[in-house]
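Work through the exercises below with the sequence and the model at hand. Try each task before reading its solution.

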Amino acid sequence: MRQQIAAANWKMNLTYQQGEELLDTILAEDITLSTHQRAVFAVPFPYLTMAQLRLAGKKHYAAAAQNCSDKKSGAYTGEVSAEMLKSIHIQYCVLGHSERREYFSEQNDTLAHKTAICLANGITPIFCCGEPLAIREAGIQTGFVETQLKESLFQFSEEEIRKIVIAYEPIWAIGTGKTASAHQAQEMHAHIRATLAAKYSPATANHIPILYGGSVKAGNAAELFALPDVDGGLVGGASLVAADFAQIIRALK
Ligand code: PEP
């Protein structure tokens, strides 16, 4: 079975102490994950080691970075490189979240570099794509997402693309409480998978986890995750509430 992932995105929320308490409360639920399931916590950079220490004894739980630099190393004050993440054994990095695209002007070509640098350092990119409301209303969302994938990912070999996780996050659903309908989510996930199959192969497309993001809650996770092409979720708001995120982890196929 394809890997199924519940990924928490804490964004720029919580103090260190609140983060410790949140993780401890979720871990106290003692949810056992199957070999194809993962619970991933994308926490702020200063909390990575704390999260890793807490998750260390738990099978299939991992900490993730929320971003990394597109530069290898050097005079880039304030940046964090993929090599630095690798040196503390980080396995996942979220890339191209819509907030980074919107507030930090990240473009498809920069994200191609970031993805390449993560892969070169053995870090699994959780590559975010998704359309704004105006594009959805114009009915051109599939082409929009396809362009994001083509411009950032399609320079990779089949072997490389198999190491990537994709997160489809319609921007109009992020933090708005407005979730894509099951039909809208499945339709886009199937389209992303078909696009991957056409570029690479059906086997590779079938191998790549495609997470849904956009107001995933404890109450709707099971319905969304049950969809044939939805392989878990990238979760913002609900990942900050221990009981809710625990329920979201439990909803994995
Ligand atoms: C996100 O941050 O990626 C996200 C989907 O947020 P929310 O779950 O709050 O919509």
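**Exercise 1: the enclosed space**

By the rule used here, the count comes to one cavity of 30 Å³ or more, a cavity being a set of points on a 1 Å grid over the protein atoms alone where a 1.4 Å probe fits but cannot get out. This is a predicted model, in which local features need pLDDT of at least 70 and side-chain atom pairs count only at pLDDT 80 or more, while totals for chains, interfaces and linings use all residues. Residues are numbered from 1 along each chain as its sequence is written, and side-chain values use heavy atoms, with hydrogens and water left out.

Task: find which residues line the largest cavity.

Solution. Begin with the space in the largest cavity, about 40 Å³, where a volume is the space filled by probe spheres set on the grid points, which are joined across faces, edges and corners. Next, list the lining (residues with an atom within 4 Å of a point): Gly 96, Ser 98, Arg 101, Cys 128, Cys 129, Gly 130, Gln 148, Glu 169 and Ile 171. The elements giving two or more residues to this lining are α4 and β5 (124-129), helices (H or I, at least four residues) and strands (E, at least two) being DSSP runs numbered from the N terminus.

**Exercise 2: the open space**

Task: state which residues lie nearest the centre of the largest pocket.

Solution. The largest pocket (an open set with protein on both sides within 12 Å along at least five of seven lines) holds about 540 Å³ of space. Of its 23 lining residues, Lys 11, Met 12, Gln 66, Arg 100 and Phe 104 lie nearest the centre, and helix α4 (residues 98-103) gives the most to the lining, with three residues. Finally, the charged end of Arg 100 sits over the ring of Phe 104, 4.2 Å from its centre; the rule asks for NZ of Lys or CZ of Arg within 6 Å of the ring centre and within 35 degrees of the ring normal.

**Exercise 3: paired rings**

Task: decide what kind of aromatic pair Phe 41 and Phe 245 form.

Solution. The whole structure has four aromatic pairs, for which ring centres of Phe, Tyr and Trp (its six-membered ring) must lie within 6.5 Å, with planes under 30 degrees apart counted as stacked, over 60 as edge-to-face and the rest as tilted. The centres of Phe 41 and Phe 245 are 5.5 Å apart and their planes are at 70°, so the pair is edge-to-face. Phe 41 belongs to strand β2 (residues 37-42) and Phe 245 to helix α12 (residues 242-250), 204 residues apart.
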